[in-house]
Amino acid sequence: MQPAASAQDDRIPVHVLTGFLGSGKTTFLRHLLGEPDFADTAVVINEFGEVGLDHLLVREVSEDAVLLSSGCLCCAVRDDLVSTLADMFEMVRRGEVEPFRRVVVETTGLADPAPIMQAVMSDLRLRRGYRAGTIVSTVDGVGGAGTIARFAEAVQQVALADRVVVTKSDLAEPWRLDALRNDIAAINPTVGQLVSSKAKMPGAGALFERAGGERPRYLDVSEQPLYGRHSAGVETFVVDVAAAVDWPAFVDWLELLLASRGQSILRVKGLLSVAGDPRPVVIHGVQHVVYPPEYLPRWPDGISGGWLVFIARDLSRSAIENALSSIFASTS
């Protein structure tokens, strides 16, 4: 696995919209379906009835797919998500529906979003036409703190998210929202947080697409100490990797680590210096799967050394540091 230059990837991104029971995920999806910017989107949901699509329907495309008045193609998960995504791609190829620019998969309230990304990244049928996109998690602004404290599934959804939407902000006291946002940042310091109310909800562009000049949030963790233990045994910590790594040795190490401890490692993100190349390499993994690494054109201002941010369950920073030291011992 070689780091890829920042070339244009024309494959369709598969985004995940997740969130615990009662967090407002379905209401939020209904809002997105009415947005003009969402028109060239295929949506995969669990049950059509949960979203209330009757007023948006244009026609039935197949037994499990309908075309909406907004232009979205909406499909229900049948037996298997992989088959559903593959069939959607075939419908475009046969000219049955217009091409779409993105897919959004809505999960159930208790679902782990990681297997969806793993399927997109590992299934050969899907990798030809799809790529892993953004994980968006909704969190209830009123009762979210209690949910995170009680349910491991809610912690998992926040830990894996690229963006979190704090919903029902108009119903929650400001101090409660501040405390919840601190809880979210403690679980996942790399996540982008947005606030949603009944009167104003974030648009699709803010959720699923990042502007070219936007600074990735995970770059900010190097500027402050980070170590914390959260509910369900989840810890967030940074491992400094100041020296340049031998790329093949690092890849072997990371793939072995995720293969053996993927259930414990909810997420890993970072920036590394690679021997023989002046550009930093972005590392991003979810449980057992590593996203294709990419080069940044240059090191961000004020940053000279690499690091890895881990969100892990029942796995210590010292264990990671000890394992990582073997790379430098074997290549010295």
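This report describes the fold of a single predicted model, from the whole chain down to selected strands, helices and residues.

## The chain as a whole

The chain has 332 residues, and buried residues make up 54% of them. Its secondary structure comprises 11 helices and 16 strands. Among the contacts with a separation of 6 or more, 74% are between residues 24 or more positions apart. The surface that the chain exposes comes to about 14900 Å², of which carbon and sulfur atoms supply 51%.

## Strand β1 and its partners

Strand β1 covers residues 12-19. Because 8 of its 8 residues are buried, β1 is largely enclosed by the rest of the structure. In a regular strand the side chains alternate between the two faces of the sheet. In β1, one side carries Ile-12, Val-14, Val-16 and Thr-18, the other carries Pro-13, His-15, Leu-17 and Gly-19, and all of these are buried.

Two pairings of β1 can be described. With strand β7 (residues 130-140), β1 pairs in the parallel sense over 7 bridges, and Ile-12 stands opposite Tyr-130. With strand β6 (residues 102-106), β1 also runs parallel, joined by 4 bridges; here Val-104 is the bridge partner of His-15.

## Strand β13 and its partners

Strand β13, residues 280-286, is likewise largely enclosed by the rest of the structure, since 7 of its 7 residues are buried. Pro-280, Val-282, His-284 and Val-286 point one way, while Val-281, Ile-283 and Gly-285 point the other way.

The table lists pairings of β13 with other strands.

| Partner of β13 | Sense | Bridges |
|---|---|---|
| β12 (residues 265-273) | antiparallel | 7 bridges |
| β14 (residues 289-290) | antiparallel | 2 bridges |
| β15 (residues 294-295) | antiparallel | 2 bridges |

Individual residues show how these pairings are placed. Lys-269 has His-284 in β13 as its bridge partner. Gly-285 stands opposite Val-290 in β14, and Val-282 stands opposite Glu-294 in β15.

Two of these pairings are hairpins. In the hairpin of β12 and β13, 6 residues lie between the strands, and Gly-276 takes a positive phi near 90°. The hairpin of β13 and β14 has 2 residues between its strands, and Gln-287 in the turn has a positive phi of about 50°.

## Nonpolar cores

In soluble globular proteins, nonpolar side chains tend to be buried together. In this model the largest nonpolar core has 51 residues. The residues with the most contacts inside this core are Leu-85, Met-88, Val-103, Tyr-130, Ile-148 and Ile-184. Tyr-130, the residue opposite Ile-12 in the pairing of β1 and β7, has contacts beyond its neighbours within four places in sequence; these are with Arg-11, Ile-12, Val-14, Leu-85, Met-88, Phe-89, Phe-100, Val-103 and Val-120. A second, separate core of 27 residues includes Val-239, Trp-247, Leu-258 and Leu-315.

## Helices α4, α5 and α8

Helix α4 (residues 114-122) is mostly covered, with 7 of its 9 residues buried. These buried residues are Ala-114, Ile-116, Met-117, Gln-118, Ala-119, Val-120 and Met-121.

Helix α5 (residues 124-127) contains Leu-126. Leu-126 has 1% relative accessibility and therefore counts as buried, the cut-off being under 20%. Outside its neighbours within four places in sequence, Leu-126 is in contact with Val-82, Leu-85, Ala-86, Ala-119 and Val-120. Of these partners, Val-82 is 44 residues from Leu-126 in sequence, yet their C-alpha atoms are 7.3 Å apart.

Helix α8 (residues 174-187) has 14 residues. From its first C-alpha to its last, α8 reaches 20 Å, close to the 20 Å expected at 1.5 Å a residue. Leu-177, Leu-180, Ile-184 and Ile-187 are buried in α8. Seen down the helix axis, the buried residues of α8 fall within an arc of 85°, so they line one face of the helix. An α-helix has 3.6 residues a turn, so residues three or four places apart point the same way. The face of α8 turned away from the buried side carries the exposed residues Pro-174, Trp-175 and Asn-182. Ile-184, on the buried side, is also one of the residues with the most contacts inside the largest nonpolar core.

Technical notes: Residues are numbered from 1 along each chain as its sequence is written. This is a predicted model: local features need pLDDT of at least 70, side-chain atom pairs count only at pLDDT 80 or more; totals for chains, interfaces and linings use all residues. Side-chain values use heavy atoms; hydrogens and water are left out. Buried means under 20% relative accessible area, exposed over 50%, partly exposed in between (1.4 Å probe, protein chains only). Two strands pair if DSSP finds at least two bridges between them. Contact means heavy atoms within 4.5 Å. Accessible areas come from the Shrake-Rupley method with a 1.4 Å probe; for residues, only the protein chains shown count as cover. A nonpolar core is a set of buried Ala, Val, Leu, Ile, Met, Phe, Trp, Tyr and Cys residues joined through side-chain atoms within 4.5 Å. The expected span of a helix is 1.5 Å times one less than its number of residues. The arc is that of the directions from the helix axis to the C-beta atoms.
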